[in-house]
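Here are a few notes to read alongside the model, in case they help you find your way around. I have kept each point short.

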Amino acid sequence: MIEFQKVCIRAGDFQLKDVSFEIGSGQYAVLMGRTGRGKTTILESLCGLRRVQSGKIMIRGMDVTDWPPGDREIGYVPQDLALFPTFSVAEHLKFALHLRRFHATQIEHRVSELAEMLSITHLLKRQIEGLSGGESQRVALGRALSFRPTVLLLDEPLSALDAETREEIQALLRTLTDNTGVTTLHITHNAAEATALADRRFHIVDGQVTEESVNQAEQASRSDSPAG
Amino acid sequence: MSGISSCFILLIVLLIAADLMFTSFEDFRAAVMKPEIQSAFRLTILSCTIAALLSIWVATPLGYLLSRYRFPGRLLIDTIVDIPIVLPPLVLGLSLLILFHLPFGNWELEAWLRDDVGFPVTYRWPAVILAQFSVSCAFAVRTMRVTFDQINPRAEDVARTLGCTRGQAFLQIALPQSWRGMIAATTIAWARALGEFGPILVFAGATRMRTEVLSTTVFLELSIGQLNAAVAVSLLMVAMAVVVLVVLRVLGTGLTS
């Protein structure tokens, strides 16, 4: 479903060289690595917000390397969520559907469906100012999933949440991705979060993306846990 | 520190107080009832408004461009935009005059506008607007650039992943967030246009009832020894400037703090 083929990306002085990995359809992959190693850069390249110097990015078997972001059918939730300050919650959910010229009744139906799925029906008329961290996260997820993308990219979606909300959103992510079958790439620093969510687990070290085996992942999870 | 700051504030207050004490209400009324001054007032309101609207129309996309994109020549454009701010006003007026009358072979901009388009500019009211626009637009661009610098570009990125073009992301996401900055930029442009004098004098002249605006009225009244009328018009301009500044503060954009 997602394939990086020897992708080179330059971002200022920082450079990723010959990055290659693939994620199968419907899988939930987690990408880990220390701060400043290029995790967000990979996500931005995947959704077309950053140009790559060389290599190919394939989605659904198509070379999308030079495609504009809107044509890639990717739902993106950045770390700061980047909600639209002048929009209501409902307008966030409608936005991509309006751009795709869906019929008004289809839009209303989809918004109701999403709001129910994300438990934000009571928030639909609210402006985003004053929403809690968990509520904002749900709105950002709803906006990203509204047009039924085939790929979902999550940049540290749980990092700014308290423990209780984090568990809540973590469970929601698992349910959403299982129900929609969307292929997900999720960036995190948290090994426990990765263990709870990931079908596959990648690590970025020295500009290279490598997949961890199940044993390595369990080992890392143990060493990251407070008891360990 | 506070003593020096107080001195400056005191100076401004004293300047206005001196103007107020110099003239009486009767003098002020007599001055503003003069047909020449009323005509200058009307032209000032009209020209400042047109110059401010033109400025925001140009400044919004240009400010966005300078804030969001890195491209070859960006530094040069950034510098060119600032030139009217640092240029002596008379030089700007002189440059406008030369531009409109410089012959390119047999072709001259002013002659073409006058003879072929039927819209002469130099020493007429359009010259007033162009002179005001040349300076006020630079301030509007600066204000809009700061406005867009303060808006998170990530929201526009997300909008693009949702299906927006760059243009749609600007119009639907960035622009609605920039309304306070747009009002601030329009107000600043309007205030700058109000205070413009040098370029207008050189490029549009100071013909009574034709190209006279309030700033040139002060000059004309002074030149014929009508100090009371000059002070009255000055106070009128102070009042207009205060209204503009109050609007800015009320909007609370933080851009002028």
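1. A word on helix length before anything else: the expected span of a helix is taken as 1.5 Å times one less than its number of residues. This is a predicted model, and helix H10 of chain B (residues 179-195) is a nice place to apply that rule. H10(B) has 17 residues and covers 24 Å from its first C-alpha to its last, close to the 24 Å expected.

2. Is H10(B) enclosed or open? Because 12 of its 17 residues are buried, H10(B) is largely enclosed by the rest of the structure. The buried residues include B:Gly181, B:Ala184, B:Ala185, B:Ile188, B:Ala189, B:Trp190 and B:Leu194, and B:Arg192 is also among them. Helix H3 (35-68), H7 and helix H13 (227-251) of chain B are included in what covers these buried residues.

3. B:Ala189 deserves a closer look. Setting aside neighbours within four places in sequence, B:Ala189 contacts B:Ala51, B:Ala52, B:Ser55 and B:Ile56, and also B:Ser136, B:Cys137, B:Phe139 and B:Ala140.

4. B:Ala189 also turns up in the largest nonpolar core, which has 130 residues. The members that touch the most others there are A:Leu31, A:Leu153, B:Ala140, B:Ala189 and B:Val233. Helix H7 of chain B (residues 125-149) gives the most to this core, with 14 residues. As background, nonpolar side chains tend to be buried together in soluble globular proteins.

5. On to chain A, and to the strand that holds A:Leu153. In strand S7(A) (residues 151-155), five of five residues are buried. Both faces are covered, with A:Val151, A:Leu153 and A:Asp155 on one side and A:Leu152 and A:Leu154 on the other.

6. Which strands pair with S7(A)? Strand S6 of chain A (residues 74-77) runs parallel to S7(A) and is joined to it by four bridges; here A:Tyr76 has A:Leu153 as its bridge partner. Strand S8 of chain A (residues 183-187) is also parallel to S7(A), over five bridges, and A:Leu185 in S8(A) stands opposite A:Leu153. From S7(A) the chain crosses through helix H5 of chain A (residues 163-180) to S8(A), a right-handed β-α-β crossover.

7. Lastly, the contact between the chains. Chain B puts in 13 residues and chain A 16 residues. On the chain B side, the elements giving two or more residues are helix H8 (153-161) and helix H9 (166-177). H8(B) has the largest share, six residues. By type, this side of chain B divides into six nonpolar, four polar and three charged residues.

Key: Residues are numbered from 1 along each chain as its sequence is written. Chains are lettered from A and ligands numbered from 1 in the order in which they are written. This is a predicted model: local features need pLDDT of at least 70, side-chain atom pairs count only at pLDDT 80 or more; totals for chains, interfaces and linings use all residues. Two residues are in contact if their C-beta atoms, placed from the backbone, lie within 7 Å. Ala, Val, Leu, Ile, Met, Phe, Trp, Tyr, Cys and Pro count as nonpolar, Asp, Glu, Lys and Arg as charged, and the others, Gly among them, as polar. A nonpolar core is a set of buried Ala, Val, Leu, Ile, Met, Phe, Trp, Tyr and Cys residues joined through C-beta atoms within 7 Å. A residue is buried if 20 or more other C-beta atoms lie within 10 Å of its own, exposed if 12 or fewer, and partly exposed in between; C-beta atoms are placed from the backbone. Two strands pair if DSSP finds at least two bridges between them. A crossover is right-handed if, with the strands pointing away from the viewer, the path from the first strand over the helix to the second runs clockwise.
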